[in-house]
Amino acid sequence: MIELAPSILSADFAHLAGEVRAAQDGGATVLHVDVMDGHFVPNITVGPPVVASLRKATSLPLDCHLMIENPDEFIPAFVESGADWISVHQEVCRHLNRTLELIRSHGAQAGVVINPATPVQMISEVLDIVDYVLVMSVNPGFGAQKFIPSVLHKVRGLCDIRAARRLRFRIEMDGGISPETVSSVVNAGVEILVAGNAIFGHGNPTENARALLRVATEATLQKV
Ligand code: DX5
Ligand code: ZN
């Protein structure tokens, strides 16, 4: 099943509850929250207080994508604020296994993220302890960037490893996903679609979500 996880990064932060409701009405089943620290990525966004407010505003699972250094220091606060899923970048975790176990020990779903320049091999040893792998299709830091198609082979590689090793992680992709690019993403094997600009960047989030899911579902049917 394909799931849509709108990223609030492109939403109107003064009206988050309404924006989230609108996206949910269009079929969104997860909410993607981009957390940036101005160190790992050249931008700053939101932290646990905003996650706590979102927790009160929606029943959707909150998928917190931590683009921060020293994520271990903040994982407990995100879980206490209501994060359901937490993903950390391979590139910042010296003790990746420990960090993922920390997320799991707090009862959240654990995800590992790889930047466009990071090969799948770098996370091979933790694939058995993650609930999902997030493959970045832009360099993290900003919304509305151009999709990098050369990352798609990593999704196919992950699908092969998952089948060969009988693992259960799901595959998420983030960055530049739009009605124009989503078919290639779904065809490669992505199951969770993050989209910010395509949902909140223009027009009506409900219609945008519906339109994106429609193209994604059509691509799945063609795949079968
Ligand atoms: C990028 C973020 C993304 C971003 C995706 O650093 O991790 O979640 O918001 O936005 P779009 O869909 O606009 O590329
Ligand atoms: Zn993200």
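A residue is called buried here when its relative accessible area is under 20%, exposed when that area is over 50%, and partly exposed in between, using a 1.4 Å probe and protein chains only. Gly 189, at 9% relative accessibility, therefore counts as buried. The structure is a predicted model, in which local features need pLDDT of at least 70 and side-chain atom pairs count only at pLDDT 80 or more, while totals for chains, interfaces and linings use all residues. Residues are numbered from 1 along each chain as its sequence is written, chains are lettered from A and ligands numbered from 1 in the order in which they are written, and side-chain values use heavy atoms, with hydrogens and water left out.

We can stay with Gly 189 for a moment. This glycine sits in the loop joining helix H6 (182–188) to strand E8 (192–195); helices (H or I, at least four residues) and strands (E, at least two) are DSSP runs, numbered from the N terminus. Leaving aside residues up to four places away in sequence, Gly 189 is in contact with Val 155, Cys 159, Ile 171 and Lys 223, where contact means heavy atoms within 4.5 Å. Val 88 is 101 residues from Gly 189 in sequence, and their C-alpha atoms are 21 Å apart in space.

Another glycine, Gly 141, belongs to the loop between E6 and H5 and, with 2% relative accessibility, is buried. Its contacts, again without residues up to four places away in sequence, are Met 36, Val 41, Asn 43 and Met 67. Cys 159 follows at a separation of 18 residues in sequence, yet the C-alpha atoms of Gly 141 and Cys 159 are 27 Å apart.

The metal site comes next. Which residues hold the zinc ion (ligand 2)? The protein donors are His 32 (NE2), Asp 34 (OD), His 65 (ND1) and Asp 174 (OD), at 2.0 to 2.3 Å from the ion. Donors are N, O and S atoms within 2.8 Å of the metal (3.2 Å for Na, K and Ca), and sites may look incomplete since water is not among the atoms. Along the chain, the donors are spaced as H-x1-D-x30-H-x108-D. His 32 lies in strand E2 (residues 31–36) and Asp 174 in strand E7 (residues 170–174), so this pair ties together parts that are 142 residues apart in sequence. Both His 32 and Asp 174 are buried. The zinc site has 6 donor atoms, with angles of 69 to 168 degrees among them, and is octahedral. Six donors count as octahedral if opposite donors are over 155 degrees apart and all others between 65 and 115. Ideal angles for six octahedral donors are 90 or 180 degrees.

Attention now turns to the nonpolar interior. In soluble globular proteins, nonpolar side chains tend to be buried together. A nonpolar core is a set of buried Ala, Val, Leu, Ile, Met, Phe, Trp, Tyr and Cys residues joined through side-chain atoms within 4.5 Å. The largest such core has 66 residues, of which Leu 100, Met 173 and Leu 193 touch the most other members. Helix H8 (residues 205–223) gives the most to this core, with 5 residues. Apart from this core lies another, of 6 residues, including Val 30, Trp 85, Tyr 132 and Ile 192. Leu 100 touches Val 88, Ala 110, Gly 111, Val 112, Val 126, Ile 129 and Val 130, not counting residues up to four places away in sequence.

Helix H8 also contains Val 215, which is partly exposed at 23% relative accessibility. Val 215 touches Pro 179, Val 182 and Ser 183, with residues up to four places away in sequence not counted. Between Val 215 and Glu 180, 35 residues apart along the chain, the C-alpha separation is 8.8 Å. At the meeting of H1 and H8, Glu 19, Ala 22, Ala 23 and Asp 25 in H1 face Pro 205, Thr 206, Ala 209 and Arg 210 in H8.

Finally, two loop residues deserve a look at their backbone. Most residues other than glycine have a negative phi. Ala 144, however, has a positive phi, near 60 degrees; this alanine is in the loop between strand E6 (132–136) and helix H5 (152–164) and is exposed, with a relative accessible area of 58%. Arg 166 has a positive phi too, near 50 degrees. This arginine is placed in the loop between H5 and E7 and, at 77% relative accessibility, is exposed.

How values were computed. Tetrahedral: all angles 85-135°; square planar, octahedral: opposite > 155°, others 65-115°.
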